[in-house]
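User: I'd love a close look at one part of this model, the open sheet, and at how its strands are arranged. Once that is clear, please carry on to whatever else stands out around it.

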Amino acid sequence: MKYKYLFIIFTLWIASCKRFEIKRINKVETIYSKFENNQIIAKGYIIDMDENGISDYGFCYAANNSLPTINDDRISLGATKKLGEFSANLIGLQAFNVYHFRAYAISNNVVTYGNIIGTDVVPSMFNLKIDTLKVISSKEINLTGSINGIGEIKILDFGYNYSLQTNPNLLTNKQSLGALKKDTVFSAKILNPIIDTTYYVKAYAQLSNSAYFHSAEKTVRVNSFKIRTGIVGEVIDEYKVFFIGYIDNLGADTIQEYGICYSTNTSFPTVNDNKLMVNKKPVIGAYSFTAPLVIGNTYFARAYAIIDNKIIYGQVESKSF
């Protein structure tokens, strides 16, 4: 009888017991950050997850929010069912800010966050320079430059500025080329420069609201074309007259034609009178011609050049024979 009661009690106890189950939940941790090569390297760890897995995970971060959420900037690494470490490079950073970030995981539209870490963004590798300043014509200067070592830092604005005095700043002829997210080679033009004037040029990049970087200064000058007439003289014992012209400065535009024009009938000869043309590439220096000499005449001569279909003359020189 005693055993019968014990059996009944044991059966009732077994029936009253409920099965004990451990419910798994998502749990992530932010474990590491390092600012290196102008980017933040972030690491996290998925400690556990529910039976449905994680539909999205990664890092969320912000410069002006010490409690970042997925509504701020974030790097999504997609879905996973694996536990363990994960990492990502945070992008679109603005220099000279403290970025707070944390790992996150999403399952069934529920967001789980890890602990928060803050990291300073101070540029360490950054190279900004003007590579070339080239005079194309008297109306155009071409500029090329480059920005390297940006990493994941965001350039808020970049471009160049120039001045007619050394050390141009952002108040002197600032030419913006916009925002930038990666290393680049850029080009621009300075149009209608002042002739015979030196331009001082720098590239700039804005890395924060108050931080600007400038390149080393380069200079460029658009020189004017200059030509003049030399003496008019006689070639002794040859009954010839000689003329001399000088190119003192080649200028910025293409010289289509140059030489000497002369006359014995007018004191202001033009290319419509007698014209002696040089058949070689123009260079700085003297060039000369001879022509038959008629005794009793006065020879008026001047150097000339044709540039952009415009005729430029030197001064008139003359000699009577």
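Analyst: In this predicted model, the open sheet is built from 3 strands in the order β17-β18-β21, and the pairing is antiparallel. The edges are taken by β17 (226-235) and β21 (285-292); each has a single partner strand, so one side of each is left without a neighbour in the sheet. On average, neighbouring strands here are turned by 20° against each other, with direction ignored. As a general reminder, strands of a sheet pair through backbone hydrogen bonds, in either a parallel or an antiparallel way.

Let's zoom in on one of those pairings. Strand β18 covers residues 240-249 and runs antiparallel to β21, with 8 bridges between them. For a concrete spot to click on, take Ile 247, whose bridge partner in β21 is Gly 285.

From the sheet we can move on to two loops with backbone angles you may want to check. Phe 96 sits in the loop between β5 (84-90) and β6 (97-107). Its phi is near 60°, which is a positive value in a residue other than glycine. The side of Phe 96 that solvent can reach is middling by the numbers: with 41% relative accessibility, this residue falls between the 20% and 50% cut-offs and therefore counts as partly exposed. The other loop joins β13 (184-191) and β14 (198-206), and Asn 192 is found there. Asn 192 also has a positive phi, near 50°, again in a residue other than glycine. Its relative accessibility is 59%, and because that is over 50%, Asn 192 counts as exposed.

Now for empty space. Rolling a probe the size of a water molecule over the atoms shows where such space is left. The largest pocket holds about 270 Å³. Of the 14 residues lining this pocket, the closest to its centre are Ser 138, Asp 253, Ile 307, Asp 308 and Ile 312. Sorted by class, the lining comprises 6 nonpolar, 4 polar and 4 charged residues.

Finally, a word on the cysteines. A disulfide is a covalent bond between the sulfur atoms of two cysteines, and a search of the whole structure finds 0 of them. Cys 60 has a relative accessible area of 0%, which is under 20%, so this residue is buried. Cys 261 is likewise at 0% relative accessibility and therefore counts as buried.

Key: Residues are numbered from 1 along each chain as its sequence is written. This is a predicted model: local features need pLDDT of at least 70, side-chain atom pairs count only at pLDDT 80 or more; totals for chains, interfaces and linings use all residues. Side-chain values use heavy atoms; hydrogens and water are left out. On a 1 Å grid over the protein atoms alone, a cavity is a set of points where a 1.4 Å probe fits but cannot get out, and a pocket is an open set with protein on both sides within 12 Å along at least five of seven lines; lining residues have an atom within 4 Å of a point. Grid points are joined across faces, edges and corners, and a volume is the space filled by probe spheres set on the points. Ala, Val, Leu, Ile, Met, Phe, Trp, Tyr, Cys and Pro count as nonpolar, Asp, Glu, Lys and Arg as charged, and the others, Gly among them, as polar. A disulfide is a pair of cysteine sulfur atoms within 2.5 Å. Buried means under 20% relative accessible area, exposed over 50%, partly exposed in between (1.4 Å probe, protein chains only). Helices (H or I, at least four residues) and strands (E, at least two) are DSSP runs, numbered from the N terminus. Two strands pair if DSSP finds at least two bridges between them. Axes are lines fitted to C-alpha atoms, for helices over the stretch in contact, and angles run from 0 to 180 degrees between N-to-C directions.
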